[in-house]
There are 2 protein chains.
Amino acid sequence: MKARVLVRLKPGIMDVQGAAVKRALAGLGFSELNDLRVGKVIDIDMNEPTPEGARARVGEMCRQLLANPILEDYTIETVDDLAPRGAAR
Amino acid sequence: MKARVLVRLKPGIMDVQGAAVKRALAGLGFSELNDLRVGKVIDIDMNEPTPEGARARVGEMCRQLLANPILEDYTIETVDDLAPRGAAR
């Protein structure tokens, strides 16, 4: 089972890296940006037959190591959620 | 229009951070992992009415700044692709 974790700073936390990237893009002429934030994506391939089981185990990994609960939120997606829907890949 | 960019190391490139996280998780008892790789997620909110237009502009941002084409691949998803499908959010 493949799973994907998105770890992002909580909405109220200042994202210094995102602000720097946004500013650099504005300098390159990309003036249409309202907001830009940078986080982490963690792609996991694991021996776990069911999406429910994978989600439970990955949630435990997030709580123990992958995310800092003070500063960050996380989102878990399993292969069910990741079927292509016309995304440019 | 909201868009999301996933920037990951190309498959052949050694992911030191991912290897370190995988090993740390194994040390915590998560022995079911086959592979784990760490990349970046960039969440963008922009003034661009159409998904096609947003994807084109974000592609240009990736080529100019967001991704290193030697080492990294990128995936662009617009809000169409991001409708929840039972993901734990």
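Entry 1. Elements.

I take helices and strands as DSSP runs, numbered from the N terminus. With that, I read the elements of chain A from the N terminus on as β-α-β-α-β. I count two helices and three strands in chain A. I keep in mind that this is a predicted model.

I looked up burial and contact order for chain A next. Of the 89 residues in chain A, 40% are buried. I took contacts in chain A between residues at least 6 apart in sequence, and 67% of these join residues at least 24 apart.

Entry 2. Relation of the two chains.

I superposed chain A on chain B. A rotation of 180° with 0.0 Å of shift along its axis does it, with an RMSD of 0.0 Å. I note this as the relation of a two-fold axis. I then asked which C-alpha of chain A is nearest the axis. I found that of A:K40, 2.2 Å from the axis.

I also compared the interface residues. Of those in chain A, 100% are also interface residues in chain B, so the copies meet through the same surface.

Entry 3. The sheet.

I traced the strand order. I find an open sheet of six strands, ordered β3(A)-β1(A)-β2(A)-β2(B)-β1(B)-β3(B), and the pairing is antiparallel. Which strands stand at the edges? I find β3 of chain A and β3 (72-78) of chain B there, each with a single partner strand, so one side of each has no neighbour in the sheet. On average, neighbouring strands of this sheet are turned by 25° against each other, direction ignored.

I looked at how α2(A) packs on the sheet. α2(A) touches β1, β2 (33-46) and β3 of chain A as well as β2 (33-46) of chain B. The direction of α2(A) makes about 160° with that of β3(A). I looked at α1(B) in the same way. α1(B) packs on the sheet and touches β2 of chain A together with β2 of chain B. The direction of α1(B) makes about 125° with that of β2(B).

Entry 4. Strand pairs.

I went through the bridges of chain A. Strand β1 (residues 2-9) of chain A pairs with β3(A) over seven bridges, in the antiparallel sense. β1(A) is also joined to β2(A), by six bridges, and these strands run antiparallel.

I picked A:R4 to follow across the sheet. A:R4 stands opposite A:E77 in β3(A), and its bridge partner in β2(A) is A:D43. For A:L9, I find A:E72 as the bridge partner in β3(A).

I checked β3(A) for burial. Strand β3 (residues 72-78) of chain A is mostly covered, with five of its seven residues buried.

In chain B, I find seven bridges between strand β1 (residues 2-9) and β3(B), which run antiparallel. There, B:V5 stands opposite B:I76 in β3(B).

Entry 5. Helix contacts between the chains.

I describe two packed helices by the angle between their axes and the distance between the axes.

I started with helix α2 (residues 51-66) of chain A and helix α1 (residues 16-27) of chain B. Their axes come within 11 Å and cross at roughly 105°. Angles of 65 to 115 degrees count as roughly perpendicular, and α2(A) and α1(B) are therefore roughly perpendicular to each other. Which residues make the contact? I list A:M61, A:L65 and A:L66 from α2(A), and B:V21, B:A24 and B:L25 from α1(B). By class, I count six nonpolar, no polar and no charged residues in the contact of α2(A) with α1(B).

I then took helix α1 (residues 16-27) of chain A with helix α2 (residues 51-66) of chain B. Here, too, the axes come within 11 Å and cross at roughly 105°. α1(A) and α2(B) are therefore roughly perpendicular to each other. I find A:V21, A:A24 and A:L25 in α1(A) meeting B:M61, B:L65 and B:L66 in α2(B). By class, the contact of α1(A) with α2(B) has six nonpolar, no polar and no charged residues.

Entry 6. A:L65.

I looked up A:L65 separately. A:L65 lies in helix α2 of chain A. Is A:L65 buried, partly exposed or exposed? The relative accessible area of A:L65 is 35%. Buried means under 20% and exposed over 50%, so I enter A:L65 as partly exposed. I left aside the neighbours of A:L65 within four places in sequence and found A:L65 in contact with B:V21, B:A24, B:L25 and B:L28.

Note on methods. Residues numbered from 1 in each chain as written. Chains lettered and ligands numbered in written order. Predicted model: local features only at pLDDT ≥ 70, side-chain atom pairs only at ≥ 80, totals over all residues. Heavy atoms only, no water. Axes fitted to C-alpha atoms, helices over the stretch in contact; angles between N-to-C directions. Helix = DSSP H or I, 4+ residues; strand = E, 2+ residues; numbered from the N terminus. Parallel < 35°, antiparallel > 145°, perpendicular 65-115°, else oblique. Contact = heavy atoms within 4.5 Å. Nonpolar A, V, L, I, M, F, W, Y, C, P; charged D, E, K, R; others polar. Buried < 20%, exposed > 50% of the residue type's maximum accessible area, 1.4 Å probe, protein only. Pairing = 2+ DSSP bridges. Least-squares fit on C-alpha atoms with pLDDT ≥ 70 in both.
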